Amino acid sequence: MIERLLFDIAKKRPPVINSVSNIKRKENHSRYDAQNGIIRRKNNNLSNKQIQFLSTKNPKTFVIMIRILDICHELLIQNVTATKRDIYYKDVKLFGNSQTVDLVIDELACFFQIPRSCLNVIASAKGLVAGSLKIIQKDRSILDCSKTSCQGTLIPTMDLIDRIETNAEFVLVIEKEATFQYILSSKMHEQFGPCILITGKGYPDIATRQLVKNLSDLRRPDETYPFLQILGFFDNDPYGIEILCVYKFGSLTMSFDNENLATPGIKWLGLHCSDWKKYRISKSSLIRISSADRKKAYHLLQRNYLQAEWKKEICLILYMGYKAEIQSLDDCENVNLLNYLISKISRSRF
Amino acid sequence: MSLQFISFVEKPKAHKSQIWSVRWSPSGNVVASGGLDNEIKIWEAQSGEHYRTLEGHILAVTGLDINPTGKVLISISFDNTIKRWDILEGNLINDIETKPGEVCCGQYNKDGNYFATASQHGTIDLRKDSNLEEIVATYTSEGKYGLCCRFSPDNKILALGTDNDKIYLFDVESAKVLHKLTGHSGNPIRCLDFTPDGKHLISGSDDETINIYDVKHGNQISKCTGHEGYVMCVAAASDNKHFVSGSTDCKIKLWQLPEKNEKTQVVDTIEEHKETVSCISWSPDGDKFVVGTDNLLLKWYCVAK
């Protein structure tokens, strides 16, 4: 790429970068792959987007891309990693804001058809994990996630991890950090049997998604099938369902890398609309959905590849007009979070 | 005069999922039902025999209505289409694409030449039956989300019930707001119906009560308590004195409208259902009605003296 640019400059022609468009809003660059159950990128049409040197629209775009390429090249030569934020701070004046850096790095990764970590750009850790899991890192240190004295272990990025070991029977992926901490601090999870708790703290980052995906692929040495069940526990609202979809199908912006990030086998443990009546969630803890919720629900319904039961759940939320958060389980008289989870987990295993 | 419910036809597992909309054809010969399983089923009105299934929607059917001749059915769904069907032949006549949230519920007027739909912006769009895409008039309100809309029996007034406890009465010709009603403590208005003489408007809400309004003067004349769940549907009887209601408390109640200063009385309650009663429709001759429940059940009742 650089060689071609130098060639152009030498010939006194204005240099042009041929890149690919990876804007989230333009959904037609990705499609659902029914065979593997994830969102993939359509053919990488290289002449999709052209960035011109000193273009009238956005003169800096060309320069920014070259600068980032330069930084990544340095990182690779020196065998050092940096976060997106680190890169942003290297030249704040040029980049303007951190979103620009995020977008360009994703675009470059997409263009070269490599995971972002191959550019030696890592994400700062956000997700938490706890339970029967040992993460052995490349620097030989071991993260033992079963130490209940701590509040969960930050999930390291996949490039730092050598291998993972567990004797858990299932993984519980939780939407909110508050619920995760509550379960951990009340030692509730000890009653579920050997398990792993993970939270992405809302919208999961790459490292969290990678860990969940790798856990779902783990096989015991003599078996052909993975042994860990992945159960998702989210709020009963369009936002929670969207997060579930990110775990299951992958996201649109990362569609070029969803093979490593999406967990098609994740099961939706709860919270479901049928739980309101079954577990007698009090009416006062149901929240009226907003127009933003409705918009998101309609948007989710347009994804034809969602399974019928999930579409029905979204229709129910839209029709009744109420949503429920995980906290509402503590408001009902008959059952609390512990009993709810035990009841749901035992039923999902069979 | 005391009235009583008698059941005469029952159809368990009428649908594969919750039934959200039911309509007894104005011509009296068929009953149509639709809901979460995306299908619309047509039943013989007297016997309950399954006549045919109208397939085509790819998401839940949230509302349907039949025109006065009983030949045409219009259905509304979360799949962002309005579909117009020939009931007897069973084929789709028109398939209209709408934007998400543009159509939440709809009703034919008494003559069947117009179809009104309520939208998420708290507006009613008046469409021609002959060309549903064409919106001939729009009635706007400050309401948050149009949950239900109803024509008055003389076709002169359109009522809109919204998500934030506001009922708007529009004059169909001039589009002026005749009255702005409230009275359900901020709760969504789930259902509306006019009495056949057009004098009263009945509203059901999530605050578990039903209000009766005087249409001409625009004031609330009665509040009916008794349900222990969201009031999902109300339907006025042909004698202008009674109406029925269904709720998430799984009960169907028959009410008698008050004379002068009396309170609205519950005449009878059906408690046999185990799931929400979502929709109700009277027969054109006024002595029978059909209900649809979340338990996949369709049941026909006769009201006897």
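**View 1. B:Asn211 of β20(B) is the bridge partner of B:Ser203.** This is a predicted model, and we start it on a pair of strands in chain B. Strand β19 (residues 200–205) of chain B runs antiparallel to β20(B), and 5 bridges join the two. Going from β19(B) to β20(B) takes a hairpin with 4 residues in between. Look in that turn for B:Glu208, whose phi is positive at about 70°.

**View 2. On its way onward, β20(B) also pairs with strand β21 (residues 219–224) of chain B.** The pairing here is antiparallel again, over 5 bridges. To find your place, pick out B:Ile210, which stands opposite B:Cys224 in β21(B). These two strands form a hairpin as well, with 4 residues between them. In this turn, the residue with a positive phi of about 70° is B:Gly218.

**View 3. Strand β20 (residues 210–214) of chain B is mostly covered.** Of its 5 residues, 5 are buried. B:Ile210, B:Ile212 and B:Asp214 point one way from the strand, while B:Asn211 and B:Tyr213 point the other way. So which of these are buried, whichever way they point? All of them are, B:Asp214 and B:Asn211 included.

**View 4. Stepping back, chain B is built with 28 strands and 0 helices.** Its C-alpha atoms fill a box of roughly 50 × 45 × 30 Å along the principal axes. The radius of gyration is 18 Å, which agrees with the value near 19 Å for a compact globule of 305 residues. Buried residues make up 62% of the chain. Take the contacts between residues at least 6 apart in sequence: 44% of them join residues at least 24 apart.

**View 5. The outside of chain B exposes about 11900 Å².** Carbon and sulfur atoms supply 44% of that area. As for charge, chain B has 32 positive and 42 negative side chains. The centres of the two sets lie 3 Å apart.

**View 6. Over in chain A, 6 strands make an open sheet with mixed pairing.** Read across, the order is β10-β7-β13-β12-β14-β15. β10 (153–154) and β15 (267–270) of chain A stand at the edges with a single partner strand each, so one side of each has no neighbour in the sheet. Within the sheet, strand β12 (residues 170–174) and strand β13 (residues 195–199) of chain A pair in the parallel sense, over 5 bridges. A handy landmark is A:Val171, which stands opposite A:Ile196 in β13(A).

How values were computed: Residues numbered from 1 in each chain as written. Chains lettered and ligands numbered in written order. Predicted model: local features only at pLDDT ≥ 70, side-chain atom pairs only at ≥ 80, totals over all residues. Heavy atoms only, no water. Rg over C-alpha atoms; globule rule 2.2 N^0.38 Å. Buried < 20%, exposed > 50% of the residue type's maximum accessible area, 1.4 Å probe, protein only. Contact = heavy atoms within 4.5 Å. Areas by Shrake-Rupley, 256 points an atom, 1.4 Å probe, with all protein chains shown as cover. Lys, Arg positive; Asp, Glu negative; His and termini not counted. Charge placed at Lys NZ, Arg CZ, Asp CG, Glu CD. Pairing = 2+ DSSP bridges.
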